[in-house]
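User: I would like to go through the structure shown here one element at a time, with the cut-offs behind each term stated as we go.

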Amino acid sequence: MTTPQPVSAGGLLDLIRSGRANTRAALQRATGLSRSTVGQRLDLLNRAGWLRHTTGTSTGGRPSERIAFDPTHASVLAVDLETRHARAAVLDLTGTILAEHTGPLDITEGPDHVLDHVTRWFPDLIAAAGADPSRVCGVGLSVPGPVDWEAGRVVEPPIMPGWDRHPIRERLQDAYARHVGASLEAGPVPVLVDNDANLMALAEQQANHRDCCAFVLVKVSTGIGAGVVVDGHVYRGIDGGAGDIGHIRVHDRADALCMCGSYGCLAAVASGRALAKELSGADGNAASGSDVRRLLAEGHPDAIRLAREAGRRVGEVLVTVVTLLNPGVLMLAGDLSGVPFMTGVRELLYQRAMPRTTANLQIVTSRLGDHAGLIGAATTVVEHLYSPARADARLARILT
């Protein structure tokens, strides 16, 4: 039998951050550690400035001291890249946006130009947030393509020419050092890169559906992708390819050329880019998914009709997705995620999926909207840096 390992300071922090234990007595009960050992571990966390202490409500005796993670002791920078624009923000460690900037940016101009451009926004954002540049603990980057999570690199992205396996993490660290300079700890600022649908799914699940153990978000904008969160963790597959449903072939459109170079992909017939192409030919004055979004908001009849048809197309694929994963929540997000598109998705799901599959399924739209990618990127940084093992390693560097 394996002997249980003593719970470290990082382990205590995990209990505190999750809300499972927020007093010294609760930490002792949860870990089996002695009072003195808990005190020593908490002292390390206090010295790092990661905790805050408040007095709880008295029940007749001495009020208990409540212990909580201090989300203001550091900040996170997050960037959400779209095809034609980008968003960047400074957030605290709970995902609250402190300052934000959105600007036009063409992702096809390549990684070096794009990364340098968005990093130039950082100094003004940090100043606007009233943050200390030396206390930025990391940068999260959301990209519209499949990502090798461990390497931090985009892999064969159909709508990001020139980005394939580019050293994004290293280039962003270099740009950060030039434009911002300081970081919380010695060495390059930590940078985490992930697919936009993954990060949106994580943010939405954590913010509004924490009790849902199987959560799926489908983003339909320039392309189509899905993010899956199981038991609070993003499911990425073996190499970051999970959720790339936009390149599943549809049965009756072998003539539709996709940006990936294949014919008949779902994204080639049901994405914002595909609808914009059809609408531009029908005098809809649309060149992108964001233009389709505008036309839908204006009540353009052809846009509404095409969005509903696109929903049915995506619904065909989602019948398999929900049957395989049996999620509690299916969330629709992106430029097309309004009533017409949702209506089409619902029609196909309820027609073709088994009743048991949809009996407990909520089909909803995004609640975080355009901020979901930013919040998800920041959340990923925080979850990574304050996980027990990494928290312990950071404490060792900070306190020595």
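User: In which sense do S13 and strand S14 (residues 362-365) pair?

Analyst: This is a predicted model, in which local features need pLDDT of at least 70 and side-chain atom pairs count only at pLDDT 80 or more, while totals for chains, interfaces and linings use all residues. Residues are numbered from 1 along each chain as its sequence is written, and side-chain values use heavy atoms, with hydrogens and water left out. Strands (E, at least two residues) and helices (H or I, at least four) are DSSP runs numbered from the N terminus, and two strands pair if DSSP finds at least two bridges between them. Four bridges link S13 with S14, and the sense of their pairing is parallel.

User: Which residue is the bridge partner of Leu330 in S14, and how many bridges does S13 form with S10?

Analyst: Leu330 has Ile363 as its bridge partner in S14. S13 also pairs with S10 in the parallel sense, and there Phe215 stands opposite Val329 of S13. The number of bridges between S10 and S13 is five.

User: How many residues of S13 are buried?

Analyst: Buried means under 20% relative accessible area, exposed means over 50%, and partly exposed lies in between, with a 1.4 Å probe and protein chains only. Val329, Met331 and Ala333 point one way from S13, whereas Leu330 and Leu332 point the other way, and all are buried. S13 is therefore largely enclosed by the rest of the structure, the buried count being five of the five residues.

User: Which helix gives the most to the largest nonpolar core?

Analyst: A nonpolar core is a set of buried Ala, Val, Leu, Ile, Met, Phe, Trp, Tyr and Cys residues joined through side-chain atoms within 4.5 Å. The largest has 43 residues, and those with the most contacts inside it are Val218, Leu318, Leu330 and Leu349. Among the elements that give two or more residues to this core are strand S10 (214-220), strand S13 (329-333) and helix H12 (339-352). The most, 10 residues, comes from H11.

User: With which residues is Leu318 in contact, leaving aside its neighbours within four places in sequence?

Analyst: Contact means heavy atoms within 4.5 Å. With those sequence neighbours left aside, the partners of Leu318 are Val218, Ile245, Leu330, Val345 and Leu349.

User: Which strands stand at the edges of the open sheet of five strands?

Analyst: The five strands follow the order S5-S4-S3-S6-S9, with mixed pairing. One pair in it, strand S4 (residues 85-91) and S5, runs antiparallel and is joined by seven bridges. Because each edge strand has a single partner strand, one side of each is left without a neighbour in the sheet, and these edges are strand S5 (97-104) and strand S9 (191-195).

User: At roughly what angle do the axes of helix H4 (residues 111-119) and helix H6 (residues 168-179) cross?

Analyst: Axes are lines fitted to C-alpha atoms, for helices over the stretch in contact, and angles run from 0 to 180 degrees between N-to-C directions. The contact involves residues including Leu115 of H4 and Leu172 of H6. The two axes come within 9 Å, and their crossing angle is roughly 40°.

User: Is Glu156 buried or exposed?

Analyst: Glu156 is found in the loop between strand S8 (153-154) and H6, and its phi is positive, about 45°, although it is not a glycine. Because its relative accessibility is 58%, Glu156 counts as exposed.
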